Amino acid sequence: MINKPSLVINITDSCNFHCVYCPPYGENLCRSNLKYDLNAVKTLIDVAAEEDIRLIRFTGGEPLLEFDRLYELLFYTKGRFKRTVLNTNGFLLEKHLRELEEFKDYLTIKVSLDTLDNQEFKQIAGVDGCACVIDAIKKSADLGFMVEINTVFLNQSVNTIFDILELAKKLCVDIKILTASDFYGKIDIGKQARTKSLIARIEKAYVREDDRKLATGMGASMLSYKNGHKHILIVDHSCKNSYTPNKMYFESCKINCNLYPCDFGVLSVTLSTDGILTPCRGRKDYGQCVFGKDTDTIKSAYMQALKYFESCCHINVNNLED
């Protein structure tokens, strides 16, 4: 194993947006009736730090809806990981920027922004919040936060995506463009975006770099382009004729999993709000519940999850037979 996978912690299963490409409960993928066990999460963070995990990511749902919980965990992780990422839709971000400033030196704020058009934004997110999110991104960058933009390419025009690329360049922030995922068959993504047209235009306008992987070396290889002093990354979740076909799977996936080849592959060890810690968020049966458990049990569950990654490899999904 080249690197160890990131640790992803879901803060909540609630969200104030209703994005058309999101499954119920967002990345958390489930509704939980359990009381959130902060002590168990802190123990898990301790174990991850002891194992020299490089990246920890907080997501949801929308994590800023549970700001006190998020703040406590950010404070607990402060300075312990090479990279700490907060995923947010940005709607409540400006409200909490001053409180987040104490984490500015090590926190990356990754904000979802799929269009700069108010009406189109409302159609995608179900909320009239375009100006609010754009302002939050600008103010975060002005305050010196490390900011990245995530853009899901649906049926927006290529011009719309280029408008966001220009905003990212102006603000000197990285941007990642992703095609929609079916989240392990949980949503119908319908007709795919015109990725070919977008990439063809990006190829003409920007300088291509070597493909990239996540900081952990996991997941799909991403197309990379220079955007001023920053970068454009592209992830194509398609499993046929994909522009980023080299995805990572466990060796046992093609034998034991009816979801194979899923469009995510394996990326991280994930804790959802039902307390399940799993090496694959699409397979809860691979994991164990750590809420309400003692330190030894939590460490054992984490080490068991890490073992899955000892036998993972990149596979070109375009070469797989039907």
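**Exercise 1. Read the two sides of helix H7.**

Task: Find which residues lie on the face of H7 turned away from its buried side, then find the buried residues and what covers them.

Solution.
- Step 1. The face of H7 turned away from its buried side carries Lys196 and Lys204, both exposed. The model is a predicted one.
- Step 2. Now take the buried residues. H7 spans residues 195-205, and Thr195, Leu198, Ile199 and Ile202 are buried in it.
- Step 3. These residues sit on the same side of H7, because they cover an arc of only 90° around the axis.
- Step 4. A general rule helps here. An α-helix has 3.6 residues a turn, so residues three or four places apart point the same way.
- Step 5. Look for the cover. It includes strands S5 (146-153), S6 (174-179), S7 (223-227) and S8 (230-235), together with helix H6 (158-171).

**Exercise 2. Lay out the sheet.**

Task: State the order of the strands in the open sheet and name the edge strands.

Solution.
- Step 1. The open sheet has 11 strands, and the pairing is mixed.
- Step 2. Its order is S7-S8-S6-S5-S4-S3-S2-S1-S10-S11-S12.
- Step 3. S7 and S12 (288-289) are the edge strands, since each pairs on one side only.
- Step 4. Strands of a sheet pair through backbone hydrogen bonds, either parallel or antiparallel.
- Step 5. For an antiparallel pair, go to S10 (residues 268-271) and S11 (residues 276-278), which are joined by 2 bridges. There, leucine 271 has leucine 277 of S11 as its bridge partner.

**Exercise 3. Follow the strands S3, S4, S5 and S6.**

Task: Work out how S4 pairs with S3 and with S5, and how S5 pairs with S6.

Solution.
- Step 1. Start with S3 (residues 83-88). S3 and S4 are parallel, with 5 bridges. Threonine 88 has valine 111 of S4 as its bridge partner.
- Step 2. Move to S5. S4 and S5 are also parallel, over 5 bridges. Lysine 110 stands opposite glutamate 148 in S5. Valine 111 is bridged to isoleucine 149 of S5.
- Step 3. Go on to S6. S5 and S6 pair in the parallel sense over 6 bridges. Here threonine 151 has isoleucine 177 as its partner in S6.
- Step 4. Trace the connections. S3, helix H3 (residues 93-100) and S4 form a right-handed β-α-β unit. S5, H6 and S6 form a right-handed β-α-β unit.
- Step 5. Check burial. In S4 (residues 107-112), 5 of the 6 residues are buried. S5 is largely enclosed by the rest of the structure, because 7 of its 8 residues are buried.

**Exercise 4. Place histidine 96.**

Task: Decide whether histidine 96 is buried or exposed, and find residues that it touches.

Solution.
- Step 1. Locate the residue: histidine 96 is in helix H3.
- Step 2. Its relative accessibility is 8%. Buried means under 20%. Histidine 96 therefore counts as buried.
- Step 3. Leaving out residues up to four places away in sequence, histidine 96 touches Leu64 and Phe67.
- Step 4. Compare sequence with space. Tyrosine 71 is 25 residues from histidine 96 in sequence, and the two are 9.9 Å apart, C-alpha to C-alpha.

**Exercise 5. Find unusual backbone angles.**

Task: Locate two cis peptide bonds and two positive phi values in residues other than glycine.

Solution.
- Step 1. Recall the background. Most residues other than glycine have a negative phi, and most peptide bonds are trans.
- Step 2. Glycine 60 and glycine 61 are joined by a cis peptide bond, with omega about 25°. Glycine 61 lies in the loop between S2 (55-59) and H2 (67-77).
- Step 3. Tyrosine 260 and proline 261 are also joined by a cis bond, with omega about -5°. Proline 261 lies in the loop between H8 (253-256) and S10.
- Step 4. Cysteine 172 has a positive phi of about 60°. It sits in the loop between H6 and S6. With a relative accessible area of 35%, cysteine 172 is partly exposed.
- Step 5. Asparagine 241 has a positive phi near 50°. Its place is the loop between S8 and S9 (246-250). Asparagine 241 counts as exposed, at 69% relative accessibility.

Conventions: Residues numbered from 1 in each chain as written. Predicted model: local features only at pLDDT ≥ 70, side-chain atom pairs only at ≥ 80, totals over all residues. Heavy atoms only, no water. Buried < 20%, exposed > 50% of the residue type's maximum accessible area, 1.4 Å probe, protein only. Helix = DSSP H or I, 4+ residues; strand = E, 2+ residues; numbered from the N terminus. Arc of directions from axis to C-beta. Contact = heavy atoms within 4.5 Å. Pairing = 2+ DSSP bridges. Right-handed = clockwise from strand over helix to strand, strands pointing away.
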